[in-house]
There are 2 protein chains.
Amino acid sequence: MKTYLDCIPCFYQQALRAARISGANEEVQKEVLYRLSEMIPDFSLDTSPVQMGREIYAMINKITGKKDPYRELKEISNKMALKMYPEMKVKMKDADDKLLTAVKLAIIGNIIDFGIKDSEEEIYDEINKMLNIDFYIQESDYREHFDYLSFRENLSEVDSILYLADNAGEVVFDRILIEYLVNCCNKTVIYAVRGKPVLNDALVDDSIMCGINHYANIISSGADSPGVALKHCSPEFMRIFNEAEMIISKGQGNYEALSDETSPLFFLLIAKCPLIASHIGCDVGDFILENHLKRKIMPVETAEGKDF
Amino acid sequence: MKTYLDCIPCFYQQALRAARISGANEEVQKEVLYRLSEMIPDFSLDTSPVQMGREIYAMINKITGKKDPYRELKEISNKMALKMYPEMKVKMKDADDKLLTAVKLAIIGNIIDFGIKDSEEEIYDEINKMLNIDFYIQESDYREHFDYLSFRENLSEVDSILYLADNAGEVVFDRILIEYLVNCCNKTVIYAVRGKPVLNDALVDDSIMCGINHYANIISSGADSPGVALKHCSPEFMRIFNEAEMIISKGQGNYEALSDETSPLFFLLIAKCPLIASHIGCDVGDFILENHLKRKIMPVETAEGKDF
């Protein structure tokens with residue numbers, strides 16, 4: 001997915017937010033925004049927003065001197081999600097269609113995103129709301145963007161899955177799905193996390209804290225972009241990626257980075273950004289399970305309804 | 001009100017929107033955003049967002065070559081509001097407290113803001129919703145931010161009112177209040193509009209199209225900022241402003257420009273921006289009728305809850 005002009009205001013919001021999370025005072029926050037202003041004309045709109053995000057977060061870390069500003073928030077969200085784990089296990093035990101339930105839980109976990117959502121309580125409340133309403137999912141375009149049957153069918157044809165992680169905390173929700181894939185479907189799972197800290201994205205230590213290591217091999221993509229930008233990934237990861245029979249890709253960042261690839265990808269995410277929703281052809285807030293190879297790319301609508 | 005760092009992403013959103021409304025193609029839109037990036041470090045955060053807005057909109061008009069890009073939208077909103085006028089007159093006829101009803105209608109009109117709201121239909125739907133729910137207003141902090149009693153009391157003590165206009169279309173809603181002030185309260189009203197086109201703000205021709213000239217003297221503030229920034233106003237306007245017994249100030253732009261003044265201002269607006277809401281001490285979406293001289297300035301809370 002390319003970068004749209006609409007992404008630029010959003011870069012500023014994200015940069016300000018990251019600077020504040022890094023504990024920067026107003027002067028430093030201002031410096032971050034001014035530095036971003038210098039960078040904007042040099043960005044190519046032909047690259048994905050994830051590439052730009054990578055440079056922006058590197059700039060912020062350099063200015064603030066914080067290598068992993070989201071460390072504390074990531075631990076908070078891991079703990080918050082781990083607290084919910086027993087409840088999710090009960091949901092799984094009670095579920096008629098356990099695979100569907102696990103998939104929905106994995107998508108619900110995508111709500112945990114301190115890059116967008118405001119506070120721990122808000123996220124906790126939202127997840128609980130979703131858990132309690134018995135997995136309500138917007139069914140209006142169920143078949144087009146929530147292609148569960150195709151997901152299940154593909155699953156039955158493969159032995160191994162490459163699972164691309166997104167945010168810390170969300171990892172616990174991924175674990176539910178991975179446990180099921182490993183224990184009940186006899187699949188082998190490789191769980192790929194970012195190579196270096198960026199935003200609240202999960203790293204190896206988050207995955208271990210959330211217990212993924214009991215079910216999957218954890219690897220690093222090698223990249224420090226907020227999404228698996230292939231050109232920044234390690235050769236080892238690229239070999240695994242290129243050979244993967246089936247890839248589960250979580251979250252918007254991975255979608256932005258990979259939506260132009262022709263790999264056997266299934267995108268699992270909540271569409272939070274209007275441009276991504278338009279790119280997918282869904283509404284903001286929709287739960288997405290998309291068989292990438294089957295998908296039909298819709299023209300992107302901006303706020304004015306114009307196509308680019 | 002000073003400019004907060006949170007205003008910067010919003011400047012980009014507004015600039016992109018204005019460029020699109022001006023009919024700019026993607027290349028020109030990009031030029032607008034890149035030029036804004038050059039301007040950002042030169043802005044002083046000690047000035048009000050309205051001052052910055054003035055420079056930004058002037059830049060956009062220069063790049064796009066459009067002197068009044070919102071002309072068509074302004075006409076659409078004037079016509080849309082005029083269509084609602086008979087319904088508002090019925091509301092007034094049926095109202096027990098006609099002054100309160102007129103004040104509420106004038107505030108409802110503040111919804112008409114193509115700078116923020118997306119489409120004509122959305123605005124129309126929202127206004128109709130408000131009209132139909134029998135003037136429901138959030139009553140939670142009624143006394144603090146909707147100081148009707150103080151407004152009514154002040155009104156009884158003055159002969160004339162300076163009324164600062166905001167958006168086109170909204171003018172028809174202002175007319176309801178002005179008609180009442182002139183015909184039923186025997187007040188003299190001066191209706192002040194922007195001096196030059198900026199955003200969708202009302203000009204003299206909008207006021208005439210909406211029939212204000214039958215009830216009030218229409219003057220220009222002389223300024224081309226999206227709010228009455230006093231340093232850009234004409235000497236004639238400043239004389240009237242400084243001598244005014246009571247000033248009704250509509251909308252956020254005028255609030256931003258005048259919230260640090262010590263004039264007998266009543267701010268009538270819908271709080272649409274989180275920073276302005278925080279500056280007032282209310283929630284986004286609240287209807288505000290504030291006696292400025294009585295008001296207690298609350299510390300501004302940003303998205304992270306930090307005070308500056």
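## Strands, a kinked helix and two odd loops

B:I270 stands opposite B:F287 in β6(B). That pair belongs to a ladder of 5 bridges, over which strand β5 (residues 265–270) of chain B and β6(B) run antiparallel. Here two strands count as paired if DSSP finds at least two bridges between them. Helices (H or I, at least four residues) and strands (E, at least two) are DSSP runs, numbered from the N terminus. Strand β6 (residues 287–291) of chain B is mostly covered, with 4 of its 5 residues buried.

A quick word on the ground rules: this is a predicted model, where local features need pLDDT of at least 70 and side-chain atom pairs count only at pLDDT 80 or more, while totals for chains, interfaces and linings use all residues. Residues are numbered from 1 along each chain as its sequence is written, and chains are lettered from A and ligands numbered from 1 in the order in which they are written.

Over in chain A, an open sheet of 6 strands goes β3-β2-β1-β4-β5-β6, with mixed pairing. β3 (217–220) and β6 (287–291) of chain A each have a single partner strand, so one side of each has no neighbour in the sheet. From one strand to the next, the twist averages 20°. Inside the sheet, β4 (residues 247–250) and β5 (residues 265–270) of chain A are parallel, joined by 4 bridges. A:I247 has A:L265 in β5(A) as its bridge partner.

Helix α9 (residues 170–183) of chain A lies across β1 (160–164), β2 (188–193) and β4 of chain A, at about 160° to β2(A). Such angles run from 0 to 180 degrees between N-to-C directions, with axes as lines fitted to C-alpha atoms, for helices over the stretch in contact. Contact means C-beta atoms, placed from the backbone, within 7 Å.

Two loop residues have positive phi without being glycine. Buried means 20 or more other C-beta atoms within 10 Å, exposed 12 or fewer, and partly exposed in between, with C-beta atoms placed from the backbone.

| Residue | Phi | Loop | C-beta atoms around it |
|---|---|---|---|
| A:N186 | near 55° | between α9 and β2 of chain A | 8 inside 10 Å, exposed |
| B:L199 | about 50° | between β2 (188–193) and α10 (204–209) of chain B | 26 within 10 Å, buried |

Finally, helix α4 (residues 71–94) of chain B kinks by about 40° at B:Y85, shortly before the proline B:P86. The bend is the angle between axes fitted to the seven residues ending there and the seven starting there. Buried residues of α4(B) include B:M84 and B:M88.

Notes: Contact = placed C-beta atoms within 7 Å.
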